[in-house]
Amino acid sequence: MSELVALRRRLHQIPEVGLHLPQTQAAVLEALDGLPLEITLGDSLTSITAVLRGTKPTDDPRTVLLRADMDALPVREATGLDWASTNGNMHACGHDLHMSILVGAARELCARRDELAGDVVFMFQPGEESVDGASHMLAEGVLDAAGRRPDAAYALHVWAGMEPYGTFTTKPGTTMASHDVMRIRFVGQGGHGSAPHKANDPVPALAEMVLGTHTMVTRQFDAFEPVVITIGKLSAGEACNVIPESAELEASIRTFSPEARDKVVERLTRYAEGIAAAHGLAAEIDNPQSYPPTINDEAETEYVAQTITRELGAERHLRWTNSLTSSEDFSRVLLEVPGCFFGLSACPPDLDPATAPFNHSAYARFDDGVLDDGVRIFVALATGKLA
Ligand SMILES: [Zn+2]
């Protein structure tokens, strides 16, 4: 087993969720140990920023940023793999592969630093899943880590299905949706389940809100301006014979333009307030998280596509025509630096990509045979820019 596969499987067994990933950070630091890197650790999160100074003489030094996210999901793994997670969380989005690929790229680029006319910033980022780790790292200065702004930034994401094993995917322009979270809480008056007229039950209002939201999307939005809303969390009450005082939902909202995003938030707010008023309830509305759409630079996307084709052959590259409805906080980096977020299928060859359990599934499997090709493309992107 290669060192990178061993690292990936070790990381896979210790998945941690959110912004604070102490075991994961320690494992990555150990893997980087001894390399000629300037390492800074995050304050508000367990990030690692590592800068490699190229030594090739140049009058025009450039900087390239490569990013890997580090966090896992609160999913109980059901793959049955020998090296499955041991702690109740799961690297169900493949970020364990991302970290291993970035470690591999760091090792190889360090070995070839005399070919680099400039610097590479390796951005190991916790908290991609819903807690916006990227904005923490931006606030702590990751874009200034090398002393000047990156000229280009790249990140890749592995998929457990969708495309055949080993296929790289790119799309210029919007490649992933925006993502907003909205929390809506109806507050009434609790009481005895036998006497609802003496209470003010928020549960029917919550039920109306769920159905009304999905109807609203079909009636108020252009069919050619995609809007995807999922209400994945409902909570109200503890016992069937007790009317709860409050009832709440959490919705995830995905759109492909700032206009559609603003309209969804405005309409959901209006709906919640209207339903609350009809039931004599109060509505508390919160929009705690908002990721912008992930927008790839046209020229950088072309550069990534050409690099994949040159290194691995045209049959390994697929140009996507549609965006994904998932979202990414690498979008924040791409608002500041031209770059490209691209995909790599790690779908196990024994599965049909169309039906393989996908990212975030407890059954999702990512084949770590793709690690070396991921490293190769990251290395080629950096050396090409810093030639
Ligand atoms: Zn992910």
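**Exercise 1. How much space lies in the largest pocket? Find its lining and place it relative to the domains.**

Solution. The model is predicted.

Step 1. Take the volume: the largest pocket holds about 950 Å³ of space.

Step 2. Go to its centre. The lining has 35 residues, and Glu129, Ser130, His179, Arg254 and His360 are the closest to the centre.

Step 3. Assign the lining to elements. Strands S5 (152-159), S8 (178-187), S10 (227-236), S12 (246-255) and S13 (282-291) each give two or more residues. S12 has the largest share, with four residues.

Step 4. Sort the lining by class. There are 15 nonpolar, twelve polar and eight charged residues.

Step 5. Bring in the domains. Domain 1 (3-175 + 293-385) and domain 2 (179-291) both contribute to the lining, so the pocket lies between them.

**Exercise 2. Trace the strand order of the eight-stranded open sheet, then look at its edges and one strand pair.**

Solution.

Step 1. Write the order: S1-S2-S4-S3-S5-S16-S6-S15, with mixed pairing.

Step 2. Check the edges. S1 (38-41) and S15 (317-319) each have a single partner strand, so one side of each has no neighbour in the sheet.

Step 3. Add the twist. From one strand to the next, it averages 20 degrees.

Step 4. Zoom in on S3 (residues 62-69) and S4 (residues 118-125). They run parallel and share eight bridges. Within this pair, Val64 has Val120 of S4 as its bridge partner.

**Exercise 3. Classify the ring pair of Trp159 and Phe358, and say which parts of the chain the pair ties together.**

Solution.

Step 1. Count first. The whole structure has six aromatic pairs.

Step 2. Take the geometry of Trp159 and Phe358. Their ring centres are 6.1 Å apart, and the planes make an angle of 25 degrees.

Step 3. Apply the cut-offs. Centres must lie within 6.5 Å, and planes under 30 degrees apart count as stacked. The Trp159 and Phe358 pair is therefore stacked.

Step 4. Locate the rings. Trp159 sits in S5, and Phe358 in the loop between S16 (339-345) and helix H9 (371-385), so the pair joins parts 199 residues apart in sequence.

**Exercise 4. Describe the largest cavity: its volume and its lining.**

Solution.

Step 1. Count and size. The structure holds one cavity of 30 Å³ or more. The largest cavity has a volume of about 50 Å³.

Step 2. Name lining residues. Among them are Trp159, Lys171, Trp320, Phe341 and Phe342.

Step 3. Assign elements. S6 (168-170), S7 (173-176) and S16 each supply at least two residues. S16 gives the most, three residues.

Step 4. Sort by class. The lining has six nonpolar, four polar and one charged residue.

How values were computed. Residues numbered from 1 in each chain as written. Predicted model: local features only at pLDDT ≥ 70, side-chain atom pairs only at ≥ 80, totals over all residues. Heavy atoms only, no water. 1 Å grid on protein atoms, 1.4 Å probe; cavity = no way out; pocket = protein on both sides within 12 Å on 5 of 7 lines; lining within 4 Å. Points joined across faces, edges and corners; volume = space filled by probe spheres on them. Nonpolar A, V, L, I, M, F, W, Y, C, P; charged D, E, K, R; others polar. Domains from an automatic or database assignment. Pairing = 2+ DSSP bridges. Axes fitted to C-alpha atoms, helices over the stretch in contact; angles between N-to-C directions. Phe/Tyr/Trp six-rings, centres within 6.5 Å; stacked < 30°, edge-to-face > 60°.
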